[in-house]
Amino acid sequence: MTKRDYYEVLGIEKDASLEDIKKAYRKLAKQYHPDVSTDKDAEEKFKELSEAYEVLIEPSKKATYDKFGHEAADKSFSSGGFQWSDFTHYSDIQDIFGRDFFGRDIFSAFMGGAQENRTTAQRGNDLRYDLYINLEEAAKGIKSEIYVPRTELCPECKGTGAKPGTKTKHCYVCGGSGQERREKATPFGRFVTVSACSKCKGEGNIIENPCKNCNATGRTRTTRKITVKIPAGVDTGSHLRVPGEGDTGIRGGPTGDLYIVIHVNPHQTFKRDGKDLSMDLQLTFIQAALGAEIEVPTLTGKAKLKIPSGTQTDTIFKLRGEGIPDLEGGTTGDERIRVKIVTPKSLGKREKELYNELAQIEGKDAGVKGFIGKIMGDGKGNDR
Ligand SMILES: [Zn+2]
Ligand SMILES: [Zn+2]
């Protein structure tokens, strides 16, 4: 697949301002967000859009892209697939979707903290976890135990990076600021350049006895078990924020959040359409003609369905309240049962006789006596 030009994806000119890029993104995100769009390619388009935006909004990535196009872009910043990065733009569209299913603002987490500033505290990364559940679980709600890999404060050194019992020292080169100022006198005046301190790499501290557990980084990678409660009524694309369960912050910064993204697996019997479920029910010609009482599956068990005589194919019966609960506490959806009348593929001898009789009655009634009878075989061996 050839990749579309990022500017083309956003529908903007190459010299568009940051504001224009944001504006274009917001407009299209509103249109293609998989949670709201009915476009069948919505997810694909949203991905494409997010990727384009991620690159163009970041001056350094934009510059690389402008210079080298997709080729460079692919190598340097596209990780492929639907990644966590797609979520980092939610701060820009919080006016559209700024509410999770508990009515909280879920996007505030993304505001701030993203900027690279070596010596100040930095918020930990937000993490994404994709949770796959079945339709029954989505309807009932579940408590699920998940295992999330993340970085945590090193328990040995409590994040200092120094061997327990030893201390970090203020960097003598930068005096603890993490920055090195260089002044240069030129014929045009004095120039000051500020860069990350070469001794402490911008940390402001020097570790003389590094912590062995974390290699002086102050952080360790662990997998943590987290129990989450998934409310009844979730659907694919619903997301749940678990505050403080993301990566640990840097230099005392706050911990990021964990976002659990729900995927509901397809069901063998039922199709889901929002809160409603639907299924096809096969009836024989006789059941449909004479009427019947049929046992039908529901998501929680079985129900009796009365088929009135003379039911036509494609008739839909509704089992009220047998669908999916409303996430926001509204009425529960319905189960819709669509009748499909099946013609018998083969008939026994007696059945054939009876159908022939029926055909003759029908023929008489319709004034085309014997016509169907001939097609079906007249029961005297002519069809053999
Ligand atoms: Zn440590
Ligand atoms: Zn320093």
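The following numbered points comment on a predicted model of a protein chain.

1. Overall composition. The protein chain comprises 384 residues, of which 23% count as buried. Its secondary structure consists of nine helices and 15 strands. Among contacts with a separation of 6 or more, 60% are between residues 24 or more positions apart.

2. Geometry of helix α3. Helix α3 covers residues 42-56, that is, 15 residues. At 1.5 Å a residue the expected span is 21 Å, and the end C-alpha atoms are 21 Å apart, so the two values agree.

3. Burial along α3. The buried residues of this helix are Phe46, Leu49, Ser50, Glu51, Ala52, Tyr53, Val55 and Leu56. The list thus includes Glu51 and Ser50 as well as residues such as Phe46 and Leu49.

4. Packing of α2 against α3. Two packed helices are described by the angle between their axes and the distance between the axes. Here the axes of α2 (residues 18-32) and α3 come within 10 Å and cross at roughly 165°. An angle over 145 degrees counts as roughly antiparallel, and α2 and α3 are therefore roughly antiparallel to each other. Their crossing is left-handed.

5. Residues at the helix contact. From α2, the residues involved are Ile21, Tyr25, Leu28, Ala29 and Tyr32. They meet Ala42, Lys45, Phe46, Leu49, Tyr53 and Leu56 of α3. By class, this contact has 10 nonpolar residues, one charged residue and no polar ones. Of the α3 residues named here, Phe46, Leu49, Tyr53 and Leu56 are also among those listed as buried.

6. Environment of valine 148. This residue is found in strand β2 (residues 142-153). Valine 148 counts as partly exposed because it has 18 C-beta neighbours inside 10 Å, whereas a buried residue requires 20 or more. Its C-alpha atom is separated by 5.3 Å from that of arginine 224, although the two residues are 76 residues apart along the chain. Leaving aside neighbours within four places in sequence, valine 148 is in contact with Leu127, Tyr129, Thr223, Arg224, Ile226, Glu245 and Leu258.

7. Lysine 158. The phi angle of lysine 158 is near 55°, a positive value in a residue other than glycine. Lysine 158 lies in the loop between β2 and β3 (168-170). With 12 other C-beta atoms within 10 Å, lysine 158 is exposed.

8. Asparagine 215. A positive phi, of about 60°, is likewise found at asparagine 215, which is not a glycine. Asparagine 215 is in the loop between β6 (205-207) and β7 (219-230). This residue counts as exposed, with 12 C-beta neighbours inside 10 Å.

Conventions. Residues are numbered from 1 along each chain as its sequence is written. Chains are lettered from A and ligands numbered from 1 in the order in which they are written. This is a predicted model: local features need pLDDT of at least 70, side-chain atom pairs count only at pLDDT 80 or more; totals for chains, interfaces and linings use all residues. Helices (H or I, at least four residues) and strands (E, at least two) are DSSP runs, numbered from the N terminus. The expected span of a helix is 1.5 Å times one less than its number of residues. Two residues are in contact if their C-beta atoms, placed from the backbone, lie within 7 Å. Axes are lines fitted to C-alpha atoms, for helices over the stretch in contact, and angles run from 0 to 180 degrees between N-to-C directions. Angles under 35 degrees count as roughly parallel, over 145 as roughly antiparallel, 65 to 115 as roughly perpendicular and the rest as oblique. A crossing is left-handed if the near helix is turned anticlockwise from the far one by less than a right angle, and right-handed if clockwise. Ala, Val, Leu, Ile, Met, Phe, Trp, Tyr, Cys and Pro count as nonpolar, Asp, Glu, Lys and Arg as charged, and the others, Gly among them, as polar.
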